[in-house]
Amino acid sequence: MKKILMALFSIVLLAGCTNSAADPDKATAPFEEIATGLETPWAINKIGDEFYISERTGNIAYIDKDGKMTRQEVNFSDKLSSASEAGFLGFVLKQDFENSQEAYGYYVYERNGKDFNKIITLVLENGKWQEIQVLLEGIPTGNVHHGGRLVIDENGTLFAAIGDASTLELAQDLGSVNGKILKLNSFNEFEIYSSGHRNPQGITWDEDIMYASEHGQSANDEINIIEEGNNYGWPTIEGETTKGGLEAPFFTTGSDDTWAPSGIAMHQGLLYVAALRGTAIKVVDPENAKVINSIEGFGRVRDVLSDGKALYFITNNTDGRGTPADDDDKLYKLNE
């Protein structure tokens, strides 16, 4: 049954805009434009029919059930960094958000002329967000490779993806959180969950299997199956290179293709991968690690989110590396 559904869905997508550079505003179903005018959006959250999307410029774009967008100010305790790829990145609502009005955030900040990453707790009060708790700060970072993804598993446990700060050796240094995926434990402290990462920017699950996307060097982008305690090799191995004791990727683009993968989502049995340089959503069959579709025509794609019924994604054409169209960036819905 799964194979039949996958085949039918692929046909629908192919009829929609696979390998097409057409104007998405003219695209027929299954695409629906939900919101426009986003400012370098980074992470999608959905509660009921409402959305909360972090913007690198330092706000939350709140989109109500009627599609009206309101920018909610975020009061950070430190100044946002203006470095490349920096700003307000990861953002995820707590499982009890409707009662607590709390969320986790990840941002790059500047202090005394240097840039660092920080993971915090935020609360929404009177239409504004306030930083109320620092979970981890002083995380070294470079001009790029900030990582930044925050996700919560079905048990309410927070995971954070940290980049290597463009300092290769940190990924193999267990005394550093750089180049790692971290897990927040019951003592409200972060512990290293996996190591040997370059610039991980997406995490999702298929039941108890964790997948993470990772930027390769020039090419060799990866999707890894993450198991606690494992080392994923950067910078000792990457792409199709192997070495004993280090984990080879579940999927790699190889040395001839670059996606710059960011957010990923498991949706109805398939992996959907937001590709920045790849300017697409790449659809990967987890049963055989094969790309079965490429949803194109929207430019750079930063994040994808599945609510179990539909898939949502945000473009990132205003991030300084894209070519913004009118009303970019946008939130889209992929209907089925």
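How do the residues of the lining of the second largest pocket divide into nonpolar, polar and charged? In this predicted model, the lining of that pocket comprises 4 nonpolar, 8 polar and 9 charged residues. The second largest pocket has a volume of about 360 Å³. A total of 21 residues line the second largest pocket, and those closest to its centre are Glu85, His215, Ala260, Arg277 and Arg321.

The largest pocket has a volume of about 1100 Å³. Its lining is formed by 40 residues, of which Val151, Ile152, Asp153, Trp205 and Leu305 are the closest to the centre. By class, 20 of the lining residues of the largest pocket are nonpolar, 10 are polar and 10 are charged. Several strands contribute to this lining: strand 2 (41–47), strand 7 (88–93), strand 11 (147–152), strand 15 (200–206), strand 19 (261–267) and strand 23 (301–306) each provide at least two residues. The largest share, 5 residues, is supplied by strand 2.

Electrostatic pairing between side chains was also examined. The count of salt bridges in the model comes to 14. One of these pairs Arg71 with Glu55, at an N to O distance of 2.8 Å. Arg71 belongs to strand 5 (residues 69–75) and Glu55 to strand 3 (residues 50–55), so this salt bridge ties together parts that are 16 residues apart in sequence. The two partners are assigned to separate accessibility classes: Arg71 is partly exposed, with a relative accessible area of 32%, whereas Glu55 is buried, at 0% relative accessibility.

Strand 5 also takes part in a salt bridge through Glu73, whose side chain meets that of Lys128 at 3.7 Å, N to O. This pair links distant parts of the chain, with Glu73 in strand 5 and Lys128 in strand 10 (residues 128–140), 55 residues apart. Glu73 is partly exposed, at 36% relative accessibility, and Lys128 is likewise partly exposed, at 42%.

A further salt bridge joins Asp78 and Arg111, with the closest N and O atoms 2.7 Å apart. Asp78 lies in the loop between strand 5 and strand 6 (79–80), Arg111 lies in strand 8 (residues 102–111), and the pair thus links distant parts of the chain, 33 residues apart. Asp78 is buried, with a relative accessible area of 14%, while Arg111 is partly exposed, with a relative accessible area of 35%. Through salt bridges that share partners, Asp78 and Arg111 are joined with Lys118, Glu131 and Glu137 into one network.

Note on methods: Residues are numbered from 1 along each chain as its sequence is written. This is a predicted model: local features need pLDDT of at least 70, side-chain atom pairs count only at pLDDT 80 or more; totals for chains, interfaces and linings use all residues. Side-chain values use heavy atoms; hydrogens and water are left out. A salt bridge is a side-chain nitrogen of Lys or Arg within 4 Å of a carboxyl oxygen of Asp or Glu. Helices (H or I, at least four residues) and strands (E, at least two) are DSSP runs, numbered from the N terminus. Buried means under 20% relative accessible area, exposed over 50%, partly exposed in between (1.4 Å probe, protein chains only). On a 1 Å grid over the protein atoms alone, a cavity is a set of points where a 1.4 Å probe fits but cannot get out, and a pocket is an open set with protein on both sides within 12 Å along at least five of seven lines; lining residues have an atom within 4 Å of a point. Grid points are joined across faces, edges and corners, and a volume is the space filled by probe spheres set on the points. Ala, Val, Leu, Ile, Met, Phe, Trp, Tyr, Cys and Pro count as nonpolar, Asp, Glu, Lys and Arg as charged, and the others, Gly among them, as polar.
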